[in-house]
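Biologist: Please take a close look at one part of this model, the packing of its helices around the core. Start with the core itself, then work outwards.

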Amino acid sequence: MKEEVRLNATEDQQPGWFLPSNGSSNSLYLSEAPPPLPLNPWDVVLCVSGTIISCENAIVVAIIFYTPAFRNPMFLLIGSLATADLLAGLGLIFHFAFVYCIQSQVVNLITVGLLVCSFTASVGSLLAITIDRYLSLYNALTYYSERTVTRTYIMLILTWGVSICFGLLPVMGWNCLKDHSTCSIVKPLTKNNLIILSISFFMIFAMMLQLYVQICKIVCRHAQQIALQRHFLATSHYVTTRKGISTLAVILGTFASCWLPFAIYCLLGDYTYPALYTYMTILPATYNSMINPVIYAFRNQEIQKVLWTICCGCISSTMPFRSRSPSDV
């Protein structure tokens, strides 16, 4: 019999097995603890990944929260991404603990809703960062204005508002606990629910791809103008352009390689497919939350400076430092 993914492994596990205390049908029933579920190695790997994700992003959130200088739009968006990934990591840990310890459908729905909300907010924050980077290049002269701050807050409100709505759907009743034929590859989410999430992902990915193509064009044009103004050699212009495009390719390629397999499988698979396929596609998706702090936070020299201060208690005089803008890639 084909196995289903254990995002709610307690479907057939009731809170207790009830046995009569004596032979009478009118007697009380004593509740016994349910038999423990066999430990799934894939769940262990997801829990370990969640722990690493939580630790990484907790550092980023703490740095941004406790550093007054990090209040501009760029760091607000990075903080939103780190917060979403932190919640995703905690959701993976809670899911593992609740599945193997509590075995409650209500708690399971809450953890699944948390995971849906956090991963949706993570992808939405990545789109917001991409939009911010594009606008910092396209409207470079007016980027540092009150309009940018307002736009950033609007993007954050929309991102988290939509994410919370998606996360509440399975908790509020849109799940397959009562009709297993509507289940998706990720129980207790319904097939229609997962299709909507997958289509939303493809729309976000298409928008990010288009924006990064435009960013590449602007980077190439700016590099060429600087080379002409400063009389750089053609090789210098080529190296600068190639470096910028390579960085953008790494950013977009990492996002696509992590999420595309799972998004495609959500459209093609159903609940009768082996759980192995779901684990093999969902695990790389979690790795995106592990890689995001490295790409968007730890590469930032202001954050590097704070980390260096925390770890060593001083700032190295040999460490290069310059203020970075969202357009730095």
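Modeller: This is a predicted model. Its largest nonpolar core has 55 residues. Within that core, M208, Y212, F255, W259, F262 and Y296 have the most contacts. Seen by element, two or more residues each come from α1 (41–66), α2 (73–102), α3 (105–138), α4 (146–171), α5 (191–229), α6 (234–268) and α7 (275–297).

Take M208 from that group. Set aside its neighbours within four places in sequence, and M208 is in contact with L126, L127, T130, L252 and F255. F255 is itself among the residues with the most contacts inside the core. There is also a second core, separate from this one. It has 11 residues, including F70, M74, F75 and V306.

Now the frame around these cores. The protein has 8 helices and 2 strands. Along the sequence, the pattern reads β-β-α-α-α-α-α-α-α-α. The protein has 329 residues, and 47% of them count as buried. Consider next the contacts with a separation of 6 or more: 73% of them join residues 24 or more positions apart.

Next, helix against helix. Two packed helices are described by the angle between their axes and by the distance between those axes. Helix α2 can be followed through two such pairs, with α3 and with α4.

Begin with α3. The α2 and α3 axes are 8 Å apart, and the packing angle is about 160°. Angles over 145 degrees count as roughly antiparallel, so α2 is roughly antiparallel to α3. The crossing of α2 past α3 is left-handed. Sorted by class, the contact of α2 with α3 has 20 nonpolar residues, 8 polar and 2 charged.

Turn to α4. Here the packing angle with α2 is about 15°, and the axes are 9 Å apart. The cut-off for roughly parallel is under 35 degrees, so α2 is roughly parallel to α4. This crossing is right-handed. On the α2 side, the contact is made by P73, L76, L77, S80, T83, A84 and L87. On the α4 side, the residues are T148, V149, T152, Y153, M155, L156 and W160. By class, the contact of α2 with α4 has 10 nonpolar and 4 polar residues, with no charged ones.

Two single residues deserve a look as well. The first topic is a proline. P284 is found in helix α7. Its relative accessible area is 23%. Buried means under 20%, so P284 counts as partly exposed. Beyond its neighbours within four places in sequence, P284 is in contact with C258 and Y279. P284 also links back to the core list through W259: the two are 25 residues apart in sequence, yet their C-alpha atoms are 7.0 Å apart in space. W259 is one of the residues with the most contacts inside the largest core.

The other topic is an asparagine. N192 is found in helix α5. N192 is partly exposed too, with a relative accessible area of 49%. Exposed would need over 50%. N192 and N175 are 17 residues apart along the chain, and 9.8 Å separates their C-alpha atoms.

To pull the part together: α2 gives two or more residues to the largest core. It runs roughly antiparallel to α3 and roughly parallel to α4. Its crossing is left-handed with α3 and right-handed with α4.

Note on methods. Residues are numbered from 1 along each chain as its sequence is written. This is a predicted model: local features need pLDDT of at least 70, side-chain atom pairs count only at pLDDT 80 or more; totals for chains, interfaces and linings use all residues. Side-chain values use heavy atoms; hydrogens and water are left out. A nonpolar core is a set of buried Ala, Val, Leu, Ile, Met, Phe, Trp, Tyr and Cys residues joined through side-chain atoms within 4.5 Å. Buried means under 20% relative accessible area, exposed over 50%, partly exposed in between (1.4 Å probe, protein chains only). Helices (H or I, at least four residues) and strands (E, at least two) are DSSP runs, numbered from the N terminus. Contact means heavy atoms within 4.5 Å. Axes are lines fitted to C-alpha atoms, for helices over the stretch in contact, and angles run from 0 to 180 degrees between N-to-C directions. Angles under 35 degrees count as roughly parallel, over 145 as roughly antiparallel, 65 to 115 as roughly perpendicular and the rest as oblique. A crossing is left-handed if the near helix is turned anticlockwise from the far one by less than a right angle, and right-handed if clockwise. Ala, Val, Leu, Ile, Met, Phe, Trp, Tyr, Cys and Pro count as nonpolar, Asp, Glu, Lys and Arg as charged, and the others, Gly among them, as polar.
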